[in-house]
Every structure is written in structure tokens, then in C-alpha cells.
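Here are some notes on the aromatic and nonpolar side chains of this model. Please read them with the structure open.

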Amino acid sequence: MTFISVFGLLALAWRWRKGQVTRGEVLVLGIVGLAVLMVWAQIFVCDHKLFPERRYYSQALLLLFPWLVWGMRELCRRWRWPFARLTGAVVVGFALYDGVMLVKARLPVGRRAAYVAACNWAAREIAADWKGPTRDESVAFTPNQYISPARPIVAAFARRIPYLVGGRRLSRWRRQIDTADYWVGDLRRDVPPATGYEKMGEFTHGKYVFALYRRTK
């Protein structure tokens with residue numbers, strides 16, 4: 001998606017410089033800009049985050065795809081490249097990149113592998129340790145705020161851990177009400193809880209060190 005966005009905008013700028021941009025293209029660009037602006041404003045006002053996650057507006061960025069295709073065709077004409085071969089090379093490049101990303105987590109090196117291994121370790125430890133209820137009957141399920149009644153409640157560096165143990169992550173919407181049953185963090189960046197928790201163990205993968213804490217009361 002980043003490739004489509006960047007090169008689509010570059011191709012649009014090229015067309016603009018050549019005076020070939022039509023009113024319809026300006027309208028499409030306005031729709032893309034308005035969609036991104038509305039998402040940014042909602043996240044900024046409601047969640048106080050300066051940059052929203054790309055998944056919230058990536059659908060609008062697909063409208064930049066035709067300019068990417070036009071730009072590739074113009075490059076092929078200028079440099080006398082076969083357009084079909086270039087298109088095929090791009091498709092193969094995307095496929096190779098996606099394939100690398102799929103297997104990267106299974107390689108024994110790197111941040112992704114460390115995080116996957118730490119998630120699996122923390123999930124096993126929590127599942128073996130938790131003896132409490134599997135759900136909070138007093139908590140109403142609210143999909144608009146991603147709140148589930150499942151237990152245990154886990155404050156973790158990755159959202160995957162609570163789902164692996166059948167619980168729920170500590171939601172910012174309920175921080176004044178809920179208390180995490182477990183805390184899992186990457187010690188290179190996260191600060192463990194100072195009080196109310198005891199350390200269950202550490203997990204090391206390469207240069208990454210993770211810690212698991214459980215609530216004492």
C-alpha cells in the first residue's frame with residue numbers, strides 16, 4: 001500500500017506538471033484527501049493520537065492505483081521497456097515480499113521472531129497459572145470499544161497474547177475500572193509495574209528480554 005500511495009502521488013504530480021490532470025482526477029484526489037483527513041481528525045480528537053493506524057484509511061488509498069499504472073506505462077514508453085514485463089515484475093516482487101514476510105516470523109533471528117516466541121511463552125505461562133473465572137459477568141460486551149468480558153485481563157506488548165489465553169487485553173476505555181491480571185513487556189522499552197505485581201519469569205530471545213508479572217491480590 002505504501003508503494004501504491006507514494007508512486008501514485010508521484011505519477012499524479014507528473015501529470016499535473018504536464019497539464020494533463022482533469023477535473024475528475026481532482027475530484028478523486030479530493031475524496032482521498034477528505035477520507036484521510038476525517039480519519040485523522042476522529043483519531044486525534046477522540047483518542048488523542050497524532051497519527052492513526054494505516055488500516056483505518058488504506059481503503060481510500062486504493063483510489064491512487066490508476067495513477068500508479070499510468071506512471072508505469074509512461075516510464076515504459078520513455079525508456080522503451082515492455083509494459084507487460086514490467087507489470088509482471090512488479091507482481092512477482094510483491095509476491096516475493098509477502099512470502100518473505102510470511103516466513104520471517106519462523107526464522108530464528110530478528111525482532112519478529114523474538115516477539116512471536118515471547119507471545120507463545122507468555123501465553124503458555126499465563127494459561128498454566130490462571131485459576132480465576134473465564135469471564136466477568138458484570139462486563140457488557142461492547143464491540144465499538146473492543147471490550148470483551150473474557151478473563152484473564154492482560155496488559156501486554158502484543159495484542160496476540162490475551163487472545164491466545166482466551167482472555168482480553170487491558171483496554172484504555174476501562175483503565176479506571178479494570179486491573180490487569182498479568183503484565184507482559186519488552187524490557188528494552190517497557191517499564192514493569194512497580195507495585196501490586198510479582199514477577200513470574202523472564203524470556204530471552206537474542207538481544208530481546210521479556211518479563212511476565214502477575215497481580216498479587
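1. Start at the surface of this predicted model. L34, L37, M38, W40, F44, V45, L50 and F51 make up a nonpolar patch there. Together they offer about 860 Å² of accessible area.

2. One patch member, L50, sits in the loop between α2 (23-47) and α3 (58-61). Its relative accessibility is 48%, so L50 counts as partly exposed.

3. How many aromatic pairs does the structure hold? There are 11. Take W40 and F44: their ring centres are 5.0 Å apart and their planes meet at 10 degrees, so this pair is stacked. Both residues belong to helix α2, and because they are four residues apart, about one helical turn separates them. W40 is partly exposed, with 32% relative accessibility. F44 is partly exposed too, at 38%.

4. A second pair, F157 and F210, is tilted. The centres lie 5.1 Å apart, with 35 degrees between the planes. This pair links distant parts of the chain, 53 residues apart. F157 is in the loop between β1 (153-156) and α7 (160-164), while F210 is in strand β5 (residues 208-215). Buried or exposed, F157 and F210? Both are buried.

5. F157 and F210 also belong to a cluster linked by ring pairs. Its other members are Y115, W121, F203 and Y208.

6. Check two arginines as well. R188 lies over the face of Y208, 4.9 Å from the ring centre. R15 lies over the face of W70, also at 4.9 Å from the ring centre.

Key:
Residues are numbered from 1 along each chain as its sequence is written. This is a predicted model: local features need pLDDT of at least 70, side-chain atom pairs count only at pLDDT 80 or more; totals for chains, interfaces and linings use all residues. Side-chain values use heavy atoms; hydrogens and water are left out. Patches are made of residues with over 30% relative accessible area and no salt bridge: like charges are joined within 9 Å, nonpolar side chains (Val, Leu, Ile, Met, Phe, Trp, Tyr) within 5 Å. Accessible areas come from the Shrake-Rupley method with a 1.4 Å probe; for residues, only the protein chains shown count as cover. A salt bridge is a side-chain nitrogen of Lys or Arg within 4 Å of a carboxyl oxygen of Asp or Glu. Helices (H or I, at least four residues) and strands (E, at least two) are DSSP runs, numbered from the N terminus. Buried means under 20% relative accessible area, exposed over 50%, partly exposed in between (1.4 Å probe, protein chains only). Rings of Phe, Tyr and Trp (its six-membered ring) pair if their centres lie within 6.5 Å; planes under 30 degrees apart count as stacked, over 60 as edge-to-face and the rest as tilted. A charge sits over a ring if NZ of Lys or CZ of Arg is within 6 Å of the ring centre and within 35 degrees of the ring normal.
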